Amino acid sequence: MTAVQEQAASEIGRDRRRKEDMRLITGRTRWTDNITLPGMLHLAMVRSPFAHATITSIDTSEAKDATNVVAVLTGADLGEAQGACINAWAITEDQVTPPHLPMPTDRVAFAGEIVAVVVARSAAEARDAAELVDVEYDDLPAALDLKEAAEDTVLAHPDLGTNKSAFWKFDSAEAGTGGDVDAAIEKARGDGIVIEREYRQQRLIPAFMEPRSVVVDPTGEQITVWSATQIPHILRFALAATTGVPESKIRVIAPDVGGGFGGKLQQTPEEMIAFAVGRRLGKPVKYTETRSESLLSAHHGRDQWQKLTLCAEKDGTVTGLKVDLLADLGAYVSLVGGGVPVLGAFMFNAIYKFPAYQFNCQTVLTNKTWTDAYRGAGRPEATFAIERLMDELAAELGEDPLEVRRRNWITHEEFPFTTVAGLEYDSGNYELATDRAMEMFGYDELRAEQQRRRDAGDPVQLGIGVSTFTEMCGLAPSRVLGQLNYGAGGWEHASVRMLATGKVEVVTGASAHGQGHETAFSQIVADRLGVPFEDVEVLHGDTQSSHKGLDTYGSRSLVVGGEALVRATDKVVEKAKQLAAHLLEASAEDLEFAGGRFGVKGTDAGITMPELASAMFAAHDYPEGMEPSLDAEATYDPINFNYPHGTHLCAVEVDTETGQVQLRKYACCDDIGTIINPLIVAGQVHGGLVQGIAQALWEEAVYDESGTLVSGSFTDYLLPTAADTISFDVDHTTTPSLTNTLGTKGVGEAGTIASTPAVVNAVVDAVRHLGIDDITMPCTPERVWKAIQGVAAGGTTEGASMPHFDGDEAGTHSTEGAGA
Amino acid sequence: MIPAAFDYLAPTSVDEALAALAEHGDDAKVLAGGQSLLPVLRLRLNAPEVVVDLGRIESLRGVRDDGDALVIGAMTKHADVLTDPLVAEHAALLARATHHLADAQVRHRGTFGGALAHADPAGDVGAPALALGAEFTIAGSGGTRSVAADDFFVDLFETAIADGELLTEIRIPKYTGWGAHYEKFVRVAHQWPIVAVAAAVRVEGGTIAEARVGLTNMGSTPLRARAVEAALQGQPATDEAVRAAAAHAAEGANPPSDLNGDADYRNHLATVLTRRAVLAAAGA
Ligand SMILES: Cc1cc2nc3c(=O)[nH]c(=O)nc-3n(C[C@H](O)[C@H](O)[C@H](O)COP(=O)(O)OP(=O)(O)OC[C@H]3O[C@@H](n4cnc5c(N)ncnc54)[C@H](O)[C@@H]3O)c2cc1C
């Protein structure tokens, strides 16, 4: 463990405006779709309208004859050159993994799957010709409902003989990290409390701002691929591994990327097809998806059923937790795929000292869009489950939900703490964060108001929801990933280049797509080298300049990538010190380094970092036995995960006449350790909160009974805007992480993980006195109102979309199933 | 999101536009603000060969005072309806409804006439126009005709405008001094209404002398809640009286069931929203 350094930090902690924002906001930058190469061709995809069907024939002749069409290709035409979409994480050795071709040749397994690609001189001509491709299908029964699919009644892939992909289990008694949960439950049934619940994690769509886009240029010695991706390095590996093109012949560039939220943590069929077509035709090609295609076929997130059993003593001390999950993989086991629920496996016990724990997860194949990481990936699901249960336990006891939590959480004196799931939490102070959050929230006053409204029978009831979350982030120690059978490591790489003019180039293997790495990393380097913030340039997202990296996801960039950067920077300082001692004719021990200058103690003599960089560039005079370079690099493999935590409090008003939920107040105090840039942190927290609140109240990917995505546009997939949210009260406590030099913890996913249960707890709390103990997400006004009427509060969302854009105004219509 | 290719015509008079429509028949589509038509084209739900843009016909734009009525040109933008002083004075209900329509961008492109011609039962301007007894001026090759609001909305996306015809003006009788309120129920702000209620009332000395109530998205067309109107007449503008009248809101309605709610829920919402809309309009 490295001690937290104390230093006069002039940049760290400063709320610098993001240096990348001007170009990102004005769009004067290189998004993938802005790239236009000489002779570039455009692709349009032909997608299956059926969830599950045999492809009986594909007639491309008419499309081939269309104006300016260069080629129309199917999976059969491309053959092995199309490569494959990989699953990097078989969670069990016997995981059932259907082969995943970018364009299947015989059978489609979800509506939206690509069956042919049209190549034309313009995007419009490609789109026009795509309509002329005549594909005949034989409809097959589709496995759509997750629970039914788990029964294998209808098979998503008939050849596999089952929909059950993998069963993953953790048991604290077997692992030696805790007791036997079944025994604990048995005992509680006799003399304690047993809370049994089933919760639905609805399917969500990441809905990043920039639709995915890919450009492939095969005309150089290296094939260059620009992609709107979070993972240029992993993509290059996957392209090479599945097409046979040597990795050294592929250069992948993620230029400026407009958001991802995990949704661009993928190796996509579209990328593979563009790569194959570019190679085949020897011409640059571009594919940019439409928003409809993005919602339909970019991977979805969440989609679980959670069966939960929490047992406790009569006083509310929890004695065990058992989790049985069904997780919908969709049609294929995607890049991380079944690993997403496994990432949650270690987090159901959250901040609590549960003595016994068991986690069982069955991953299931269905004929829907495949699922994968979405902001929080596994951890929001886990946090939701446990934080909902803790509120239920409190209700059972008739106690305040924060009291029950206090009784069960790890106190700050108890760190480092090894949890029942086997993780070592290095630091934290739940008491402090909770006290601060309660103060900001005005907890007692709001409770009093709630009571008044209940007593008065006010049609608008007030509810208060609590979520005291922690998460594991900073993915990830490579050895741990190895034990979990993940296909790669979790290290990160950084290098620092000292330019002749004293400017600094920093290369990181993390791949920013909106997070503000350029600013935060510049702040870190500026402080450590003592150079101006403006003099630091951060390069990323290009495998040519950043040859080594594992990209950006899982709140890893700062805590893993930042630590690699710290170490590389410190090596530069070490080298610079040798050079300084040589030039100043002093011994290294007599030098002190401050503000970017090495001074000889007790004298005026000194030399600055830029001067040293210039001197080393000239290399006229440097120490014997030293290479003439101050540059340095570092690869850092984290020794542990990182455990941010926080207390989130939400108040909602529920209009009992309509079921409408209105946010009233939201206060949170997150402990994310040392903060590099408060402004960036505020942005991450705000955005994260809104995304988590949206799961609670608004967003859901809904399919109809034939497997068509009904919420296939933003008319029906309800993303909130600023008009739907309120001002958040955000604050922080600072318990530095002990596992990295700067004491930082991840913040990218915190808001999303914490907020969903806070909101749902608040909604349920508002109407609990009416006999309600659950409302399925999203808590739509209809669901809330029906719960109040005593009708089932949950179930699945069904029904048609709203047909506002109708193709044929004069035609005949029915309100249901119009689906336009 | 690239529409199929089409020819584009931009006539500068209604006659020219009608001639273009007559020439191209079924192959042509009229373009107003494009806020409904363009998504349709871009999603490739329709692919007309000719698009006839009304945007350059000056005579179709603007609000004018015509004695006992206001006349609103079909091409008047939502944003202009929203801020027009005549509308505020004599047909406040329209402004109230337009205020909640989509977002500022859509309101600066979309038109009053385009929205009415589109006849989306979830559209925000249909129910107010119906409740206020608007008259629709429709021009065709044989001249112009006037259609009463009750006859204008035929079905989902279907109006009395026949092929080859244009909606040119909408006449709204003056409701000077009436209270008005539009109660729109949505899950997120930029959404079409799940249900909305448009209410205009004339209150005399605490009594509701007259009431006009229209329902949005409670059937395949905008609806008039006539039972509510009748029940309100002569009643005091109190919560109790209005609640009793509003209980009739869903009578004769046939709302859709979709992602945002089933028909039962919408029927219930209609009664709650009607009560709220009428009370707000009455200033109670
Ligand atoms: C994101 C978004 C959100 C929206 N939200 C809402 C909302 O909340 N509430 C709401 O009410 N509306 C909403 N709308 C629709 C908006 O009101 C549109 O402006 C309106 O529905 C159509 O008006 P337009 O002028 O754009 O017509 P267009 O889109 O140009 O035309 C619509 C249809 O009417 C026909 N047409 C147009 N003008 C005439 C005419 N003079 N004579 C004959 N036929 C004609 C066209 O041929 C076409 O079929 C939304 C639209 C968008 C894009």
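## Exercises on a predicted model

Ala476(A) lies in the loop between β18 (460–470) and α16 (478–483) of chain A. The model is predicted. That loop opens the first exercise.

**Exercise 1. Which residues does the cis peptide bond at Ala476(A) join, and what is omega?**

Step 1. Start from Ala476(A), in the loop between β18 and α16 of chain A.
Step 2. Look at the bond to Leu475(A). Leu475(A) and Ala476(A) are joined by a cis peptide bond, with omega about -10°.
Step 3. Set this against the usual case. Most peptide bonds are trans.

**Exercise 2. In which loop is Pro416(A) found?**

Step 1. Find α13 (401–408) and β16 (417–418) in chain A. Pro416(A) sits in the loop between them.
Step 2. Check the bond between Phe415(A) and Pro416(A). This peptide bond is cis, and omega is about -10°.

**Exercise 3. Is phi of Phe261(A) positive or negative?**

Step 1. Go to the loop of chain A between β11 (250–253) and α9 (269–281), where Phe261(A) is found.
Step 2. Read phi. For Phe261(A) the angle is near 55°, so the sign is positive in a residue other than glycine.
Step 3. Recall the background. Most residues other than glycine have a negative phi.

**Exercise 4. Are α17(A) and α18(A) roughly parallel or roughly antiparallel to each other?**

Step 1. Locate α17 (residues 517–529) and α18 (residues 557–584) in chain A.
Step 2. Take the geometry. The axes of α17(A) and α18(A) are 10 Å apart, and the packing angle is about 30°.
Step 3. Apply the cut-off: angles under 35 degrees count as roughly parallel. Therefore α17(A) and α18(A) are roughly parallel.
Step 4. Add the hand. The crossing of these two helices is right-handed.

**Exercise 5. At what angle do the axes of α20(A) and α21(A) cross?**

Step 1. Find α20 (residues 678–697) and α21 (residues 750–767) in chain A. Their axes come within 7 Å and cross at roughly 45°.
Step 2. Name the arrangement. That angle makes α20(A) oblique to α21(A).
Step 3. Add the hand. α20(A) passes α21(A) in a right-handed crossing.

**Exercise 6. Between which chains does the ligand lie, and what surrounds it?**

Step 1. Place the ligand. It lies between chains A and B.
Step 2. Pick out the nearest neighbours. Of 28 residues around the ligand, Val30(B), Gly34(B), Gln35(B), Thr111(B) and Asp124(B) come nearest.
Step 3. Sort the shell by class: 13 nonpolar, 11 polar and four charged residues.
Step 4. Trace the elements. In chain B, β2 (28–31), α7 (112–118) and β10 (166–173) each supply at least two shell residues. The largest share, four residues, comes from α7(B).

**Exercise 7. Which atom of Thr111(B) is 2.6 Å from an oxygen atom of the ligand?**

Step 1. Look at the side chain. An N or O atom there is 2.6 Å from a ligand oxygen.
Step 2. Compare Gln35(B). A polar backbone atom of Gln35(B) is 2.7 Å from an oxygen atom of the ligand.
Step 3. Turn to Asp124(B). A backbone N or O atom of this residue lies 2.6 Å from a ligand oxygen.
Step 4. Finish with cover. On its own the ligand has 970 Å² of accessible area, and the protein covers 91% of that.

Technical notes. Residues are numbered from 1 along each chain as its sequence is written. Chains are lettered from A and ligands numbered from 1 in the order in which they are written. This is a predicted model: local features need pLDDT of at least 70, side-chain atom pairs count only at pLDDT 80 or more; totals for chains, interfaces and linings use all residues. Side-chain values use heavy atoms; hydrogens and water are left out. A residue is near a molecule or strand if one of its heavy atoms lies within 4 Å of it. A polar contact is a pair of N or O atoms within 3.5 Å; within protein, one must be able to donate a hydrogen and the other to accept it, and residues adjacent in sequence count only if both atoms are side-chain atoms. Accessible areas come from the Shrake-Rupley method with a 1.4 Å probe; for residues, only the protein chains shown count as cover. Ala, Val, Leu, Ile, Met, Phe, Trp, Tyr, Cys and Pro count as nonpolar, Asp, Glu, Lys and Arg as charged, and the others, Gly among them, as polar. Axes are lines fitted to C-alpha atoms, for helices over the stretch in contact, and angles run from 0 to 180 degrees between N-to-C directions. Angles under 35 degrees count as roughly parallel, over 145 as roughly antiparallel, 65 to 115 as roughly perpendicular and the rest as oblique. A crossing is left-handed if the near helix is turned anticlockwise from the far one by less than a right angle, and right-handed if clockwise.
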